[in-house]
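Colleague: I am new to this structure and would like to go through its side-chain pairings one at a time. Please keep the answers short and end each on what I asked for.

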Amino acid sequence: AMEAGIIVVNVDREFSSPFAARATVLGDNYGMGVSAGTYACTLIEENDISDPVIAEIAGIDALPLTQDRSRGFSDALAACDETVDNRVAAEFTVESGEEQASNLLQAAPELDIVWNHDDDQGVGVKQAFDNAGRDEFFFIGGAGSCNAMQWIQDGEMEATVLYPPTQAADGIKLARLIAQNKGMSDLVQVEVPRRVVLNAPVVTAENVDGYTD
């Protein structure tokens, strides 16, 4: 398409060739892990949790994105001298989320913090928590979904870390600017950047209203 003169704006998965797209919009998988781990450290400090038991429910371990999220989480926890004590991997589905979360709960009779990589599999994860009657821990989600936002508002989830759901919309915005030969108004650079990596913010009860839409 690019060789034929058709401008390509790529979203979410980076092409292997730098010639395949004029611009690429990405989420930050490593940054998700860092945000989740940093927030976990904050919870540990604010709640004066000694020797916390931290669990991680990952996605598909064979995928680089899961590896990046786990690496970011581990690196951030290391900054406050903590590590992951219990870890399972699901498959980004509701069914696998429930199954693996149930396995996790059986293996860990007490937990302080649980980070789940994906809020879609999180529907099953939360079901496992509810089935077991377990809520003694801070539950942190990942990626962001309407369900997660509602759980935060209802006090059933502490926070979620966004894998920005705005990527497609942001890609369209950039495509329009490129087509109009415009840049991004707050940058001195007169053209749209070739690569944009969106932030992975932590959404909590304090700021959820700003992200729900």
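Colleague: Let us start with Asp68. Is Asp68 buried, partly exposed or exposed?

Modeller: Keep in mind that this is a predicted model. The relative accessible area of Asp68 is 27%. Buried means under 20% and exposed means over 50%, so with 27% Asp68 is partly exposed.

Colleague: With which residue does Asp68 form a salt bridge?

Modeller: Asp68 lies in helix α2, residues 64–78, and so does its partner, three residues apart, about one turn of the helix. The partner is partly exposed, with a relative accessible area of 44%. The closest N and O atoms of the pair are 3.3 Å apart, and the residue that pairs with Asp68 is Arg71.

Colleague: How many salt bridges does a search of the whole structure find?

Modeller: Side chains of opposite charge can pair when their charged atoms come close. The cut-off between the side-chain nitrogen and the carboxyl oxygen is 4 Å. Searching the whole structure, the number of salt bridges found is eight.

Colleague: Arg195 and Glu14 form one of these salt bridges. How many residues apart are Arg195 and Glu14?

Modeller: Their side chains meet at 2.7 Å, N to O. Arg195 is partly exposed at 48% relative accessibility, and Glu14 is partly exposed at 44%. Arg195 is in strand β8 (residues 195–197) and Glu14 in the loop between β1 (9–11) and β2 (23–26), so the pair links distant parts of the chain, with a separation of 181 residues.

Colleague: Now Arg134. Is Arg134 buried or exposed?

Modeller: Arg134 is found in the loop between α4 (122–132) and β6 (138–143). Its relative accessibility is 15%. The limit for a buried residue is under 20%, so at 15% Arg134 counts as buried.

Colleague: Which residue meets the side chain of Arg134 in a salt bridge?

Modeller: The partner has 33% relative accessibility and counts as partly exposed. The two side chains meet at 2.8 Å, N to O, and the partner of Arg134 is Glu136.

Colleague: Which backbone oxygens does the side chain of Arg134 reach?

Modeller: One lies at 3.3 Å and belongs to Leu105. Leaving aside neighbours within four places in sequence, the contacts of Arg134 include Ala108, Glu110, Leu111 and Phe129. The other backbone oxygen, at 3.2 Å, belongs to Pro109.

Colleague: On to the rings. Is the aromatic pair of Phe73 and Trp115 stacked, tilted or edge-to-face?

Modeller: Phe73 lies in helix α2 and Trp115 in strand β5 (residues 113–116), so the pair ties together parts that are 42 residues apart in sequence. Phe73 counts as buried at 0% relative accessibility, and Trp115 is buried as well, at 0%. The centres are 4.8 Å apart and the planes are at 45°, which makes the pair tilted.

Colleague: Which residues form one aromatic cluster?

Modeller: Phe129 and Phe137 form an edge-to-face pair, 4.7 Å centre to centre and 70° between the planes. Phe129 is buried at 3% relative accessibility, and Phe137 is buried at 9%. The cluster consists of Phe129, Phe137 and Phe139.

Colleague: Last, over the ring of which residue does the charged end of Arg69 sit?

Modeller: For a charge to sit over a ring, CZ of Arg has to be within 6 Å of the ring centre. The charged end of Arg69 is 5.1 Å from the ring centre, and the ring belongs to Tyr163.

Notes
Residues are numbered from 1 along each chain as its sequence is written. This is a predicted model: local features need pLDDT of at least 70, side-chain atom pairs count only at pLDDT 80 or more; totals for chains, interfaces and linings use all residues. Side-chain values use heavy atoms; hydrogens and water are left out. Helices (H or I, at least four residues) and strands (E, at least two) are DSSP runs, numbered from the N terminus. Buried means under 20% relative accessible area, exposed over 50%, partly exposed in between (1.4 Å probe, protein chains only). A polar contact is a pair of N or O atoms within 3.5 Å; within protein, one must be able to donate a hydrogen and the other to accept it, and residues adjacent in sequence count only if both atoms are side-chain atoms. Contact means heavy atoms within 4.5 Å. Rings of Phe, Tyr and Trp (its six-membered ring) pair if their centres lie within 6.5 Å; planes under 30 degrees apart count as stacked, over 60 as edge-to-face and the rest as tilted. A charge sits over a ring if NZ of Lys or CZ of Arg is within 6 Å of the ring centre and within 35 degrees of the ring normal.
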